[in-house]
Number of protein chains: 2
Amino acid sequence: MAKGLPKRSEDYSAWYNELVKKADLAENSAVRGCMVIKPYGFAIWEKMQQTLDKMFKDTGHSNAYFPLFIPKSYLSKEADHVEGFAKECAVVTHYRLKNAEDGSGVVVDPDAKLEEELIVRPTSETVIWSTYKNWIQSHRDLPLLINQWANVVRWEMRTRLFLRTAEFLWQEGHTAHATRGEAIRETETMLDVYATFAEEFMGVPVVRGIKTENERFAGAEETYCIEALMQDGKALQAGTSHFLGQNFAKAFDVKYADQNNELQHVWGTSWGVSTRLMGALIMAHSDDEGLVLPPQLAPIQVVIVPIYKGEEQLNMIAEKVSVIRKELMKKGISVKFDDRDTLRPGFKFADWELKGVPVRIAMGARDLENNTVEIARRDTKEKATYPLDNVSETVEQLLKDIQENIFNKALTYRDEHITKVDSYEEFKQVLDTKGGFVSAHWDGSGETEERIKDETKATIRCIPLNNEQEEGTCIVTGKPSKQRVLFAKAY
Amino acid sequence: MAKGLPKRSEDYSAWYNELVKKADLAENSAVRGCMVIKPYGFAIWEKMQQTLDKMFKDTGHSNAYFPLFIPKSYLSKEADHVEGFAKECAVVTHYRLKNAEDGSGVVVDPDAKLEEELIVRPTSETVIWSTYKNWIQSHRDLPLLINQWANVVRWEMRTRLFLRTAEFLWQEGHTAHATRGEAIRETETMLDVYATFAEEFMGVPVVRGIKTENERFAGAEETYCIEALMQDGKALQAGTSHFLGQNFAKAFDVKYADQNNELQHVWGTSWGVSTRLMGALIMAHSDDEGLVLPPQLAPIQVVIVPIYKGEEQLNMIAEKVSVIRKELMKKGISVKFDDRDTLRPGFKFADWELKGVPVRIAMGARDLENNTVEIARRDTKEKATYPLDNVSETVEQLLKDIQENIFNKALTYRDEHITKVDSYEEFKQVLDTKGGFVSAHWDGSGETEERIKDETKATIRCIPLNNEQEEGTCIVTGKPSKQRVLFAKAY
């Protein structure tokens, strides 16, 4: 167990908070609810960004940048949208400070009041659709496929590093289409991109589904989502893709001339994932020793630790390491040689375990003699001695195995934690004991959904895509239901 | 001349504004002073980012992310710093909106007033140094070499796309060191990185120098800068690197235990370049036909335009183009095949000239017969027919030539526009007629500098590094001077 890291079984929440700090991922800043993402944490986020960015470009999207500020009146143009975001907005009201007359520092200059307040963007639909109005005239301007990497602010009262912060980093895609069908296909395509990213890169299995009306994005006609399961049995929404219908096109009067030269409102989508994914990544795989990173997103995939007495031995090891290193780098594998001379190997082992480096290579005096290395994998903690000759092939294969193994482990856990229940009693009991997703019949009403949430803290995470149709009765009201939906307590 | 683009000789300023819009680089947003960076403009910025980011990492820096908001009291901790930035701050005072009682929309909720106002970061020294206090204890924690890519806000009254906007994108490096000497070396190293980037990637020659006290960054002991010259004879500060001394370490009480276990304040630097570089890039090379992009930063390096009658001919051309394309892509060259069927070749030629694509390949019926292509370069507008066989080598060489040529052209212009003068009369005359840098003796006083600025609008751009020592007298006061400094009107 890493020094000072609580056990998951004892206090999962404390384990998470401490892990984020001790592994140098992030910390709370002096500004309420805002975090500092530390270099090691940011390096993981950069890998996520690069991977996603390539996937967005491969599906035809371009990046652009829109203003941080949204005029207050813009937010109001789409009724549901303002209703959803008004209560958690950072509002800029002035544009200047001045020296306090009593010499106590600076104060807001009352003469520098803005005519119209500006909202720090909680999401950018309004400012982007007001821009699209000028960019779209003809069907030849469509589809318009744009993404933005940005910071956004939602004034959350209770915050947790990565999972819920007042400011967070994200990407938001905003697309415009000529037809309803095309916009829905785009919404689904991007959900697919997110699901692929979560499963193949993060190693986190996800359920693809649709949100109920209560949980829908403010301003959307339909919200698609991917839902992941954490090790404590709580669900985490890992990404959303919204079919906006013509809501924002109508609010901002965005029309195009179709092939018959008739004006039509365009159809929209928006989709986003955020630094919240960091929380999902950490909670899905890590253990009481620290982080477990999937090789695909680990900033350092292999760490090499020398075990030596005296400089001469270190030099001999360093010489062999430099060969290994070159071979690994040729295969695109990132390597760190930890030759810090003030720390013992045991400390280094624990340190890199805490940081989740997938593969550790150790080389000592006996290895020098035998032309071997000891290789340990972070996920299973298995270690073995290998010949030096084809160490890069061994490591390459190991990284693949680890990526696969952590996904499969998470998948098994997830599948074991989808429980079908047919009564409200059973529903509550599963939630309280086993946790995970609970698959149950529901009468389709917002009232029942609210009641269940109030009584159990569980929400409907989604109606899974390609859901099996099955006759049944709502576990609460006994009214007829045609399909089960997935409930869970969630982050 | 591109349709509707003013000539540089007639109205340079209008030419710039129109070019930025017509080439799809950026536009003004609905939010005062904030711009929208359009996909094509953003693609150039992304190339700048990627290049610089690699240079920062190669010199040992890591990326991190710090909060958007700065508590008002933090800004005040360094006296010069608050003095420099207080007058142009966006201030967040509330965290919630509510429905207006008269139903007219949303209003600021007076019950949601922040206890302490938050400033939208104009730069991040204060929030970062308050964090460094916890990160730095020992000499082993140093140097701390961190960079952040972020948006910042400075409430400018008169704004211009890319050159001066209320919100802009930038990177800001913030480093901490054990000794004064090491911090100064870092400041100089990063200036070097900026100069190399400007010259080798942007193709913009720069003067490296030091700012006078008047022009120094608020909170720095010394500000280093690179200064470029635009085609209208005005200078543009393209990057700055600040030696902060112990100012911020003292303001935020950041100390380390040295090897004798004695507590010392650390030494700091900060350095940044912004989307302003886009303005420099545009103004340094472009002409009355549109943008001229250096191949190193062009999102599309080669455009291929087919000249055909009927689909059969287009298919034959497309077949050959796909071979060329593959060969170019193998060399890492980005290619666009413009097969839009509703536009004439002449329109496409003008369009890609406007967008500054370095190399244009045209292929028509005769080329099909002769196995040739016509290749035109954007910078000199020369074109010639080349055999199809080794077209990728031809293009590769051409891209190198263009990169070199636009740098040399800008260098010649710059060198021809450094004028030594020995009287104030001559100084004013050169400024009014020829423009450019004026090299003159100055008595070293802030008053004289201010007077010259008031009377001529010229500022001291820098005291060049490795400046020749030369006895002389100040052109205004006649007082003794030991070196010339560079004046210019500037953006």
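Which domains does the domain assignment of chain A give? In this predicted model, the assignment divides chain A into domain 1, which is made of two segments (12–68 + 123–285), domain 2 (302–397) and domain 3 (418–488). The report below follows domain 1 and domain 3 of chain A and the interface between them.

The C-alpha centres of domain 1 of chain A and domain 3 of chain A are 27 Å apart, and 17 residues of domain 1 of chain A are in contact with 17 residues of domain 3 of chain A. Together the two domains bury about 1300 Å², with 62% of that area on carbon and sulfur atoms. On the side of domain 1 of chain A, the residues A:Val207, A:Thr212 and A:Asn214 supply 34% of the area buried against domain 3 of chain A, more than any other three residues.

Turning to polar interactions, the interface of domain 1 of chain A and domain 3 of chain A has eight residue pairs in polar contact, both residues being at pLDDT 80 or more. The count of salt bridges between these domains is one; A:Glu227 forms a salt bridge with A:Arg461, in which the closest N and O atoms are 2.9 Å apart.

The elements of chain A that give two or more residues to the side of domain 1 that touches domain 3 are these strands:

| Strand of chain A | Residues |
|---|---|
| S11 | 207–210 |
| S12 | 222–229 |
| S13 | 235–245 |

Of these elements, S12(A) gives the most to that side of domain 1 of chain A, with five residues. By residue type, the side of domain 1 of chain A that touches domain 3 of chain A divides into eight nonpolar, five polar and four charged residues.

Methods:
Residues are numbered from 1 along each chain as its sequence is written. Chains are lettered from A and ligands numbered from 1 in the order in which they are written. This is a predicted model: local features need pLDDT of at least 70, side-chain atom pairs count only at pLDDT 80 or more; totals for chains, interfaces and linings use all residues. Side-chain values use heavy atoms; hydrogens and water are left out. Domain bounds come from an automatic or database domain assignment. Contact means heavy atoms within 4.5 Å. Buried area is the accessible area (1.4 Å probe) that two parts lose on being put together, summed over both. A salt bridge is a side-chain nitrogen of Lys or Arg within 4 Å of a carboxyl oxygen of Asp or Glu. A polar contact is a pair of N or O atoms within 3.5 Å; within protein, one must be able to donate a hydrogen and the other to accept it, and residues adjacent in sequence count only if both atoms are side-chain atoms. Helices (H or I, at least four residues) and strands (E, at least two) are DSSP runs, numbered from the N terminus. Ala, Val, Leu, Ile, Met, Phe, Trp, Tyr, Cys and Pro count as nonpolar, Asp, Glu, Lys and Arg as charged, and the others, Gly among them, as polar.
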